[in-house]
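Here are a few worked exercises to try with the model open on your screen. Have a go at each task before you read its solution.

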Amino acid sequence: DHLPGKPSVVNQNMPGASGMIAINWSASDAAPKDGSVLIATYNSLLIEPLFNNPQAKYDPRKFEWIGSIGKQQQICMSWHTSPIKTIEQAKEREVVVSATGATGNTATIPKMLNVLLGTKFKVVTGYTTTESRLAVERGEAEGACGHSYSTLKASNPDWIINKRINVLMQTGATAQQGLENVPLLVNLVTDPDNKKMLGLLSYPEEMGRPFLMPAGTPKPYVDAMRKAFDETMKDPAFIADAERARLEIEPVTGVAMEKMIKAAFETPKALIERASQFKGE
């Protein structure tokens with residue numbers, strides 16, 4: 001509604017490798033550069049090139065960043081029937097958690113917790129996002145880590161309303177609404193260098209739900225899309241729809257996203273190498 005001419009929008013899914021296939025496509029010559037393509041991707045992919053992931057065929061600094069609907073702090077949880085009720089108890093025995101691809105938050109977060117806190121999460125990959133949640137409900141997995149709490153409130157409200165999960169830990173600098181008594185990962189880590197690792201590894205969360213256009217898209221189209229995005233985030237009708245869907249709106253502008261990515265890629269190499277060791281465990 002806020003784009004000139006009010007063009008129609010066609011949704012096209014490009015599944016595979018936790019979104020890697022789609023974002024690689026958006027960086028390739030195959031992606032149209034005529035302003036007709038807007039990519040919605042996963043924030044976890046934005047850090048992969050920093051760690052020289054050979055599957056990442058893109059440079060986030062070259063995309064045209066449009067904006068983000070909101071931040072995405074992650075949680076680690078167990079199902080309500082599990083005896084694992086706290087992050088401390090997850091250090092006592094193996095806990096199977098479901099995950100999508102190896103580069104997604106649901107795989108990297110529990111592995112990071114194993115390294116930083118000494119937990120014993122066993123990550124089982126290969127699920128779709130929906131299947132990974134069903135695996136928890138069916139008892140195939142005892143829990144999951146790396147899911148966005150704001151997303152769960154919209155996709156699985158029953159889990160929150162009826163207290164069907166035990167939230168063991170949350171990421172971010174401050175507690176999320178409704179999780180005031182759940183420990184923050186940054187407060188569970190004492191080593192100063194490890195705290196720096198968290199700052200780098202969690203920067204994608206600030207990018208939340210990112211939208212981008214392929215590199216090379218003409219600037220007038222990029223500016224029009226950014227303006228339309230920013231106006232949409234303030235549109236009363238959109239905000240009302242978001243509230244009905246239980247989606248939290250905490251927008252980040254395309255300009256702000258560009259600055260975040262630039263700062264991340266200016267991180268000293270020694271710090272990146274240290275972070276990659278933690279991430280790769």
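**Exercise 1. Which residues does Y203 touch, leaving out residues up to four places away in sequence?**

Step 1. Take contact as heavy atoms within 4.5 Å. Y203 then touches L46, I47, M260, I261, A264 and F265.

Step 2. A word on ground rules: this is a predicted model, where local features need pLDDT of at least 70, side-chain atom pairs count only at pLDDT 80 or more, and totals for chains, interfaces and linings use all residues. Residues are numbered from 1 along each chain as its sequence is written, and side-chain values use heavy atoms, with hydrogens and water left out.

Step 3. Now look at the core around Y203. A nonpolar core is a set of buried Ala, Val, Leu, Ile, Met, Phe, Trp, Tyr and Cys residues joined through side-chain atoms within 4.5 Å; buried means under 20% relative accessible area, exposed over 50%, and partly exposed in between, with a 1.4 Å probe and protein chains only. The largest such core holds 44 residues, and Y203 is listed with L113, F121 and L185 as having the most contacts inside it.

Step 4. Which elements feed this core with two or more residues? They include helix 1 (20-26), strand 4 (95-98), helix 7 (192-201) and helix 12 (269-279). Helix 2 gives the largest share, five residues. Helices (H or I, at least four residues) and strands (E, at least two) are DSSP runs, numbered from the N terminus.

Step 5. Apart from that core lies another one, of 13 residues, with V136, A141, A144 and W159 among them. As a rule of thumb, nonpolar side chains tend to be buried together in soluble globular proteins.

**Exercise 2. Work out the strand order of the open sheet formed by four strands.**

Step 1. Start from strand 8 (residues 210-213). Strand 8 pairs with strand 1 (residues 39-40) over two bridges, in the antiparallel sense; pairing requires that DSSP finds at least two bridges between the strands. Here A40 has F211 as its bridge partner.

Step 2. Strand 8 also pairs with strand 2 (residues 64-68), again antiparallel, over four bridges. W65 is partnered by L212, and E64 stands opposite M213.

Step 3. Strand 2 is joined to strand 9 by two bridges, and these two run antiparallel. G67 stands opposite T253 there.

Step 4. Put it together: the order is 1-8-2-9, with antiparallel pairing. Strand 1 and strand 9 (252-253) sit at the edges with a single partner strand each, so one side of each has no neighbour in the sheet.

Step 5. Is strand 8 buried on one face or on both? Both: P210 and L212 are buried on one side, F211 and M213 on the other. Strand 2 is mostly covered too, with five of its five residues buried.

**Exercise 3. Describe the second largest pocket: what is its volume, and which residues lie nearest its centre?**

Step 1. On a 1 Å grid over the protein atoms alone, a pocket is an open set of points where a 1.4 Å probe fits, with protein on both sides within 12 Å along at least five of seven lines; lining residues have an atom within 4 Å of a point. Volume is the space filled by probe spheres set on the points, which are joined across faces, edges and corners. Here that comes to about 390 Å³.

Step 2. The lining has 22 residues, and L198, L201, S202, Y203 and E205 lie nearest the centre. Helix 2, helix 6 (185-188), helix 7 and helix 8 each give two or more residues to the lining.

Step 3. Sort the lining by type: ten nonpolar, eight polar and four charged. In this count Ala, Val, Leu, Ile, Met, Phe, Trp, Tyr, Cys and Pro are nonpolar, Asp, Glu, Lys and Arg are charged, and the others, Gly among them, are polar.

**Exercise 4. Where does N52 lie, and is N52 buried or exposed?**

Step 1. N52 lies in the loop between strand 1 and strand 2. Its phi is near 55 degrees, a positive value in a residue other than glycine.

Step 2. With 65% relative accessibility, N52 counts as exposed.
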